[in-house]
Structure formats: structure tokens, C-alpha cells
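Colleague: Got a minute? Please walk me through this model.
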Amino acid sequence: MKQKTLFISFGAVFLTVALLCSVLFQTIEGYFLSAAPTSTEAVRSPVIILDAGHGGEDGGATGTNGVLEKDLNLSMTRGLAALLRLAGYTVVETRTEDKLLYPAGTQKGHKKQGDLSNRLAFTEQYPNSLFVSIHMNTFPTPSCEGVQVWYSQNHEASKEFATAVQSEVTARLQPSNHRKIKAATSNIYILRHAKTPAILIECGFLSTPAECERLCDPLYRQELTLALFAAISEKTALPT
Ligand SMILES: [Zn+2]
């Protein structure tokens with residue numbers, strides 16, 4: 001995929017601002033003024049840590065059209081970071097470039113673990129945070145579709161955030177998505193070890209041609225981003 005398609009264009013940013021105003025208005029009207037946030041005190045005003053999965057020599061999954069997961073992940077986190085910052089959230093991104101996060105000089109064979117450890121370290125650096133990892137799915141059956149959300153079992157709020165994301169995506173974009181949120185096991189290192197609320201969002205299946213094409217469409221990614229933004233804003237209060 002050409003690099004220029006991976007980043008939000010000026011026009012898209014303008015559209016994002018317009019859509020953000022709409023979502024914010026609905027959020028304020030329908031939520032902040034009518035009900036107190038239901039999440040625990042510890043996550044009322046969290047730093048939002050956005051984690052674009054993979055990077056550098058680790059491309060992640062390859063789409064049916066050749067797109068690399070790492071690039072779509074980064075495009076999603078950058079768009080979501082922009083929205084959240086516009087709304088007043090404090091946002092930290094684990095990566096803003098095409099690279100893994102292992103320390104310089106890490107030996108071959110230890111790079112993946114070094115990368116994961118450094119991503120996890122963000123949750124330790126920001127104890128009052130929500131960790132949102134963005135990935136794309138793949139499966140041998142080329143008809144699988146839809147967002148799938150995983151949650152860490154170490155903090156009760158993780159499940160609340162996962163539920164909010166899954167239901168916002170279903171309500172706004174994927175009415176036929178009947179996937180249930182899933183508790184992460186030891187196979188998802190960061191969610192297994194994070195002490196803070198943490199979720200991992202598989203945004204769709206790159207192994208399914210139609211969904212792969214959708215995920216390559218900046219406008220679709222923006223719609224997805226808005227659903228994620230709505231879910232996060234439902235379960236948190238803006239920092240004061
Ligand atoms: Zn991945």
C-alpha cells in the first residue's frame with residue numbers, strides 16, 4: 001500500500017473534526033449531562049495508551065491485496081490519537097514510526113520479547129491508564145469478518161472497555177457482528193501482564209478480501225476510529 005494512503009489527509013482531518021463535533025455533541029447530550037461515568041474511580045481520567053501492533057521488520061499479517069498489518073495498525077492509532085487529543089485526552093503512543101521497540105543492540109532471537117516488554121512498560125509508567133492495542137486479524141477461512149476484542153483479566157475495567165468497543169462497533173458499523181469479547185490468556189503477553197485496564201482490538205480480517213479492502217479504505221478506518229472513540233469516551237471522564 002502506498003504510504004500516502006496510510007496517513008490522514010488534510011481533507012480527512014477536516015472530516016474527522018466535523019464528525020468529532022457530532023460525536024462529542026451526542027456524547028455530551030446523551031451521556032455526560034444525564035449520567036455519571038460508570039467506570040471505577042481509578043480509570044475516570046486515564047491516560048490513553050495507544051499501541052500500534054508490530055512494526056519494522058515485523059509486518060504482522062499480510063492482507064489478500066498485499067497490505068501489511070503494521071501499516072494499518074499505525075494508521076488507526078494515529079487517527080484515534082488525533083481524535084482523543086482534540087477531545088482533551090492525554091494520549092501516549094507506543095510507536096509513531098515503522099519500527100519495533102526493542103532496545104538498540106538486542107540480539108537476534110530476543111527482539112520480539114524486547115519489543116513486547118517495552119510496550120508493557122508504558123502501562124507501568126502510566127498507572128492510571130487505559131492500554132488499547134490495535135491489530136488486524138487473519139484466519140484460514142476466507143469468510144471471517146468483523147471486529148474482535150480481547151481484554152486483560154487483571155483489572156475489572158478491561159472487560160467494561162472491551163464490551164463498550166464491541167457494542168459500539170456492532171451498533172454503528174457491523175450489525176451482523178455477533179462476536180463475543182474474549183478474555184486474554186497467556187498468548188497475549190501485554191494483556192496477560194498489564195496491571196492497568198488493557199484491551200486488544202482485532203479490527204478485521206485481512207485474510208478476507210472484502211474486509212481487507214474495507215480496512216484499506218481511509219474513510220472506513222475513520223468510521224471504525226469514531227466507534228472506538230465513542231466507546232472510550234463512554235467509559236471515561238475527560239481529564240480535568
Ligand atoms: Zn497483529
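Colleague: How much area does the protein chain expose, and what share do carbon and sulfur atoms supply?
Modeller: The protein chain exposes about 11,200 Å². Carbon and sulfur atoms supply 57% of that area. Accessible areas come from the Shrake-Rupley method with a 1.4 Å probe, and for residues only the protein chains shown count as cover.
Colleague: What kind of model is this, and how are residues numbered?
Modeller: This is a predicted model, where local features need pLDDT of at least 70, side-chain atom pairs count only at pLDDT 80 or more, and totals for chains, interfaces and linings use all residues. Residues are numbered from 1 along each chain as its sequence is written, and side-chain values use heavy atoms, with hydrogens and water left out.
Colleague: What pLDDT does the chain average?
Modeller: The average is 87, and 81% of the residues score at least 70. pLDDT is the predictor's confidence in each residue, from 0 to 100.
Colleague: Where is it below 50?
Modeller: Over residues 1-8 it is below 50; beyond near neighbours in sequence, that stretch has 15 contacts in the model (heavy atoms within 4.5 Å). Residues 27-39 are also below 50, with 20 such contacts.
Colleague: New topic. How many helices and strands are there?
Modeller: Seven helices and six strands. These are DSSP runs, numbered from the N terminus: helices are H or I, at least four residues, and strands are E, at least two. From the N terminus, the order is α-β-α-β-α-β-β-α-β-α-β-α-α.
Colleague: What percentage of residues count as buried?
Modeller: 51% of the 240 residues (buried means under 20% relative accessible area, 1.4 Å probe, protein chains only).

Terms used. Buried < 20%, exposed > 50% of the residue type's maximum accessible area, 1.4 Å probe, protein only.
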